[in-house]
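Visitor: Please take one part of this structure and go through it closely. I would like to know what surrounds that part and how the charged side chains around it are placed.

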Amino acid sequence: KNLPKMKEHLLRAVELDPNDATALTLLGQWAIELKEMAWYQKKIVNTLFGGVPHSTYEEVVEYCERAEKAAPGKWNRNLYLLARAYTAMGDRGRGRCYLERTLRAEIKTQDDKLVAEGAEEFYRKEFPGPS
């Protein structure tokens, strides 16, 4: 029920400040979480709330590229979202590039650490073997 409202608020923040990298990254996070939601989760959301908002990897890229342009390298989460989206879209070269940038990013917060751990696991799964 709150998913569309959350997006609405984030879009409003971007409307007020088109270079709000935080809101743009959160929109990318919102979109990828919906896109990658497991089928059974979608079924539950459909049953309880009448539907899951539509999202695409292209949407993730749009928001996260804008965030990266507004605040280059500020969040490893944004870089990781780009890596996941590009890889899922079949652009493995660009996905790997963003993933490697994620892994090189300085870890300053607990969130950065969690993102780095997820990125390492994603790297091993998507790009096995010698680098």
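Guide: A residue counts as buried when its relative accessible area is under 20%, as exposed when that area is over 50%, and as partly exposed in between. At 7% relative accessibility, glutamate 68 therefore counts as buried. The model is a predicted one. Glutamate 68 sits in helix α4, and its side chain makes a polar contact with the side chain of asparagine 78, at 3.5 Å. Leaving aside residues up to four places away in sequence, glutamate 68 touches Gly73, Asn78, Leu79, Leu82 and Arg101. Asn78, Leu79 and Leu82 are among the buried residues of α5, and α5 is the part to look at closely.

Helix α5 covers residues 76–88. With 13 residues at 1.5 Å a residue, α5 should span 18 Å, and its end C-alpha atoms are indeed 18 Å apart, so the two values agree. Glycine 90 follows the helix and has a positive phi, near 95°.

How many of the 13 residues of α5 are buried? The count is 11, so the helix is largely enclosed by the rest of the structure. The buried residues are Asn76, Asn78, Leu79, Tyr80, Leu81, Leu82, Ala83, Arg84, Ala85, Tyr86 and Thr87. The cover over them includes α2 (21–35), α4 (57–70), α6 (92–104) and α7 (110–126).

The largest nonpolar core has 24 residues, of which Val60, Tyr80, Tyr98 and Leu99 touch the most other members. Helices α2, α4, α5, α6 and α7 each supply at least two residues of this core. The largest share comes from α5, which gives seven residues. A second core, separate from this one, has nine residues, including Ala23, Tyr63, Ala67 and Ala71.

Tyrosine 80 shows what one residue of α5 meets. Not counting residues up to four places away in sequence, tyrosine 80 touches Leu99, Thr102, Val115, Gly118, Ala119 and Phe122.

Asn76, another buried residue of α5, is in contact with aspartate 112. Aspartate 112 belongs to helix α7. Apart from residues up to four places away in sequence, aspartate 112 touches Asn76, Glu106 and Ile107. Aspartate 112 is buried yet has no salt bridge. The nearest side chain of opposite charge is that of lysine 108, 5.9 Å away. A salt bridge here requires a side-chain nitrogen of Lys or Arg within 4 Å of a carboxyl oxygen of Asp or Glu.

Side chains of opposite charge can pair when their charged atoms come close. The whole structure has 11 salt bridges, and some of them involve the helices that cover α5.

In α4, glutamate 62 forms a salt bridge with arginine 66, and the closest N and O atoms are 4.0 Å apart. The two residues are four places apart in the helix, so about one helical turn separates them. Glutamate 62 has a relative accessible area of 43% and is therefore partly exposed. Arginine 66, at 32%, is also partly exposed.

Aspartate 91 and arginine 94 are joined by another salt bridge, at 4.0 Å from N to O. Aspartate 91 is partly exposed, with a relative accessible area of 28%. Arginine 94 is partly exposed at 42% relative accessibility.

In a further salt bridge, lysine 125 pairs with glutamate 126, their closest N and O atoms being 3.3 Å apart. Lysine 125 has 61% relative accessibility, so it counts as exposed. Arg92, Lys125 and Glu126 are linked in a network of salt bridges.

The last of the covering helices to consider is α2, which holds leucine 27. With a relative accessible area of 0%, leucine 27 is buried. Residues up to four places away in sequence aside, leucine 27 touches Lys7, Leu10, Leu11, Val14 and Tyr63. Tyr63 is one of the residues of the second core. Leucine 27 and glutamate 65 are 38 residues apart in sequence, and their C-alpha atoms are 11 Å apart in space.

In short, α5 is largely enclosed, with α2, α4, α6 and α7 among the elements that cover its buried residues, and α5 gives the most residues to the largest nonpolar core.

Key
Residues numbered from 1 in each chain as written. Predicted model: local features only at pLDDT ≥ 70, side-chain atom pairs only at ≥ 80, totals over all residues. Heavy atoms only, no water. Expected span 1.5 Å × (residues − 1). Buried < 20%, exposed > 50% of the residue type's maximum accessible area, 1.4 Å probe, protein only. Contact = heavy atoms within 4.5 Å. Core = buried A, V, L, I, M, F, W, Y, C linked by side-chain atoms within 4.5 Å. Lys, Arg positive; Asp, Glu negative; His and termini not counted. Polar contact = N/O pair within 3.5 Å; in protein donor to acceptor, adjacent residues only side chain to side chain.
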